[in-house]
Amino acid sequence: MIDNVYNETPLTDGFDKFIEDSNKTETERCTYDNIDYIVPAGFSPATYSFRSAELILDGNNLMDKETNFKACLPDTRFAISFFLFVTQVENEGCCDDEAVQAWLYKKGKRKALAVRKEIPNEDGIYFDFSELGDSLSPGEYFLLLNNLEASESDCNFEAMGTNLRFSFSILPDGRHLAHPDIRNIRLHRDRTPLAGTSGRISLSFSLSRAMRKYDEFTACCYDESFFLMDRIFISQSPEMPQSRKVCTSLNSPFIWMPGQYTCLLSHNGEPFHKISFSLENERISVKMSESIKKHSSEYILLRYMESDRRNSFYWSELRRTPGFGSIKRKAMEYFQDNALNLMRKDCDLGPIRRNMNFLFIGKETEGTKNAIKDFAFILCETRNFNYVDAEELTEQKNLADPYAAVNGLFEGLTEGVVCISNLYALLNANENRFFQKLEKKLKTERKLTLFFLGTDAEINQVFETNPTLKGLFPEKNSVGLCSYTVSDIAHALQNTLKKQQFSFSEEAELRLTKLLAGMDAKGKLKNWGAEQVEQFFTGSILPCFRQRILDMECQEETSMKQKLSKIKAEDIHDGFTDGKDTSFEQEMSGLNAMTGLHEVKQLLNATFNQLQFDDLRSRMGLAVRKKGIHHMIFTGNPGTGKTTVARMIGKIFHAMGLLSKGDVIVTERSRMVGQFLGETERNMQEILRKAQGNVLFIDEAYTLTADKDNRKDFGYRAVECLLTVLSRNSPDMIVVLAGYEKEMNQMLATNPGLRGRFPHTLRFEDYSADELMEIALQLFRKEEYILTGEAGRQLYETISEAVADKTESFSNARWIEQYVYSGILPAMAARVLNRGGAIDKESCRTVEKEDVETAFLKFKPRQIETAVIPRIGFRA
């Protein structure tokens, strides 16, 4: 290791007139930091202007503020790439053949190291300094641009005479330096609570030696999902050049949420130290301080992913995205493999071939698609990425060629990444053709990479249908996509605000942190991602902000800009629901409001408690059993709430995270069973496709096996098709069979394996008179009716009589709805309209005893059964 490479030879060059090649360039003297330099005489005004420029040294853009305008000198100087590329150039004059000059200087040397002249073209201006590789050494440099002016938005340049100057530094490569030891680390925040706000965390530590002139330390701080909180640069202090004490701060625009953080330090581009710390509301503490091992994941992250421009663009896009820690870790593994292959190349060994096909297990969202795309661009040097919805491949737009979409996808495709989502669309009668073509293409085109995006159930079903396809995906290439953590939600929300030129006040940040922690404890954030964050802003925060601003009295214009861009604590409240991804409590509220159904409510609460408990165990690092199956059998008479409950449990199980969608697909025998051979199978495939992620509710399911003497009845085939779903461990579907108790037991006896597939059997008891009375009163309240005392007593007496006198076909809640809506309310309307005189509001909302008596004559249960249905048509 080289301990000191900073000694410079004094500059003794004369002040001779500089001549570049044989062409004389008019020059002048210009003073910069007390030194006279020979510079080109400027054009006033300049012929050209530009909006963007990059100065690239070995893949790193020195004009990028994230580099602090510094880069390390690479090892292989003989093959160095060093160039200036100026884009968005516009001609401000009338002459198109005027040249632009770029003069490169090392600070302290009066003559330019090199001069380049170029005439701009439609792409811009390209100045190549690569031939200087051998002569470059650590130090401070600057670049002069002549006959060119910068746009107002570019603040990297300063005026030097009539030229533009850009200053930068080239540092010695940290791989050949001795790194100091890091000691006495201290972290501190001047606020209480410590967590829950953005801003500064003070960081101080001691070095085992004093900092030197060309020492450059970089600190990158990440949260648990590798979201970059802040990056800082630390160099020698002019006031205390011999100091070993470093005092700086991590100043993040993002909220420091309670949790674990990692701060990685590099020395002149070489990672060398790791600091892990824990932040809580009441304390901040260093958990670990250790050296970074070469080629560890932390080393790869800083050395290759953050610093190397050839890799850092798509990585920076990915690590600026909250969440997706599993994808980021896979990206780091990929770079570790690359580092290993570079080591093998240095030893004249061939690269280790890697299987780049990946499974992404989770919901398809815009955020997910963007993260996968960034990951694909990291893996694929050609940047050829195709995102395909499988439904587009199976949709037969051309009857003459039903596989036109499939052929079109693969035609001419030899490399890059193909990501296929909505995998259930491939599981139809004709999917084999697609999979055969897919496997053949992957075998012939070695540079083609395949991604599948879907739920665990989708991917398992694809592999069950096509077992050979599973071999294309190594087990280690399976990436689970988790929902956002509380930190991810907070940071994603801040990104959303930034896009619309908003920010939180400190009080709003604290309010948000507390709110999210409370929602998380109640299980309200289980399914949150980028979409829910966007809806939280537009559906909750923004309306409150708008109302607060519009209610304000007139303000001075000087203060309005800040008011119109600042979200305050009162704009944040916990009443948000997006109507789609609501909490368990919100979804259960509708079921809890229903009369009776105690067994159903008890089951759902027990299931939710178990999931909460499993989640708590998982956070503590304890083993958690896999999520089980939740297929159900509903037995009971008509009108006991079976269909209504089925519609509710879809959303409830979605809120628990057990279903990806949560809708209810209602079907029965006539839609399932076909008339011809193979038609039942096609019907069932379509029904099961629609039911993925949802509840499949089969009403009067016993009719599928009602013909006990004819096992060739197609209803039995429908049951066999159901068994393929019922046998899966994680089907992302809940099948509910409903019917009369006796008939359902007979159905379950027809197939020995059927009953065991349904862990839950719920009996929906007939409603009592009290329960039916409660339902009736709920209906009246909903429609804004009131009953007189006599009407209420008469209603209860008639309900009690109906319950005592009911038959097997009595329809319970359905009967009470008909009794109210088709009996009592029409009787009331007739009474009010026929009595004559003035009609007031009270008479339009008050139900009388005679209304109930009139309606019950028509709606007695036995009266309904014995009623004669009028004959329609002609009589002989």
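Arg831 is buried in this predicted model, with a relative accessible area of 14%. Its salt-bridge partner is Asp851, and the closest N and O atoms of the two side chains are 2.7 Å apart. The pair links distant parts of the chain, since Arg831 belongs to helix 23 (residues 812-834) and Asp851 to helix 24 (residues 849-859), 20 residues apart. Asp851 is likewise buried, at a relative accessible area of 1%. Both values count as buried because the cut-off for that class is under 20% relative accessible area.

**Salt bridges**

Salt bridges that share partners also join Asp173, Arg175, Glu270 and Arg303 into one network. A search of the whole structure finds 31 salt bridges. One of them is formed by Glu681 and Arg717, whose closest N and O atoms lie 2.6 Å apart. This pair links distant parts of the chain: Glu681 sits in helix 18 (residues 679-691) and Arg717 in helix 19 (residues 714-726), with their positions 36 residues apart in the numbering. Glu681 is partly exposed, with a relative accessible area of 24%, and Arg717 is partly exposed at 32%.

A further salt bridge brings together the side chains of Glu741 and Arg763, at 2.7 Å from N to O. Glu741 lies in helix 20 (residues 741-748) and Arg763 in strand 35 (residues 760-764), so this pair ties together parts of the chain that are 22 residues apart in sequence. Glu741 has a relative accessible area of 34% and is partly exposed; Arg763, at 37%, is also partly exposed.

The following table sets out the separations of these pairs.

| Salt bridge | Closest N to O separation |
|---|---|
| Glu681 and Arg717 | 2.6 Å |
| Glu741 and Arg763 | 2.7 Å |
| Arg831 and Asp851 | 2.7 Å |

**Strand 21 and its neighbours**

Strand 21 (residues 259-267) is largely enclosed by the rest of the structure, because 7 of its 9 residues are buried. Strand 18 (residues 216-222) pairs with strand 21 in the antiparallel sense over 6 bridges. Within this pairing, Thr218 stands opposite Ser266 of strand 21.

Strand 21 also pairs with strand 22 (residues 270-279); 9 bridges join these two strands, which run antiparallel. Gln260 has Ser278 in strand 22 as its bridge partner. Strands 21 and 22 form a hairpin with 2 residues between them, and Asn268 in the turn has a positive phi of about 50 degrees. In a regular strand the side chains alternate between the two faces of the sheet.

**Strands 1 and 2, and an open sheet**

Another hairpin is found towards the start of the numbering, where strand 1 (residues 27-32) and strand 2 (residues 35-40) pair in the antiparallel sense over 6 bridges. Arg29 has Ile38 in strand 2 as its bridge partner. The hairpin has 2 residues between its strands, and Asp33 in the turn has a positive phi of about 55 degrees.

An open sheet of 3 strands has the order 8-3-13, with mixed pairing. Its edge strands are strand 8 (90-91) and strand 13 (148-150), each of which pairs on one side only. Strand 3 (residues 48-50) and strand 8 run antiparallel and are joined by 2 bridges. In this arrangement Ser49 stands opposite Glu90 of strand 8.

**A nonpolar surface patch**

Leu340, Met343 and Ile352 form a nonpolar patch on the surface, with about 250 Å² of accessible area together. Leu340 is found in helix 3 (residues 325-346). Its relative accessibility of 39% places Leu340 among the partly exposed residues.

**Confidence of the prediction**

The mean pLDDT of the protein chain is 83, and 88% of its residues reach 70 or more. Over residues 1-23 the pLDDT is below 50, and this stretch has 41 contacts in the model beyond near neighbours in sequence. Residues 871-876 also have a pLDDT below 50, but that stretch has 0 contacts beyond near neighbours in sequence. Where pLDDT is low, the predicted coordinates should not be read in detail.

Conventions
Residues are numbered from 1 along each chain as its sequence is written. This is a predicted model: local features need pLDDT of at least 70, side-chain atom pairs count only at pLDDT 80 or more; totals for chains, interfaces and linings use all residues. Side-chain values use heavy atoms; hydrogens and water are left out. Two strands pair if DSSP finds at least two bridges between them. Helices (H or I, at least four residues) and strands (E, at least two) are DSSP runs, numbered from the N terminus. Patches are made of residues with over 30% relative accessible area and no salt bridge: like charges are joined within 9 Å, nonpolar side chains (Val, Leu, Ile, Met, Phe, Trp, Tyr) within 5 Å. Accessible areas come from the Shrake-Rupley method with a 1.4 Å probe; for residues, only the protein chains shown count as cover. A salt bridge is a side-chain nitrogen of Lys or Arg within 4 Å of a carboxyl oxygen of Asp or Glu. Buried means under 20% relative accessible area, exposed over 50%, partly exposed in between (1.4 Å probe, protein chains only). pLDDT is the predictor's confidence in each residue, from 0 to 100. Contact means heavy atoms within 4.5 Å.
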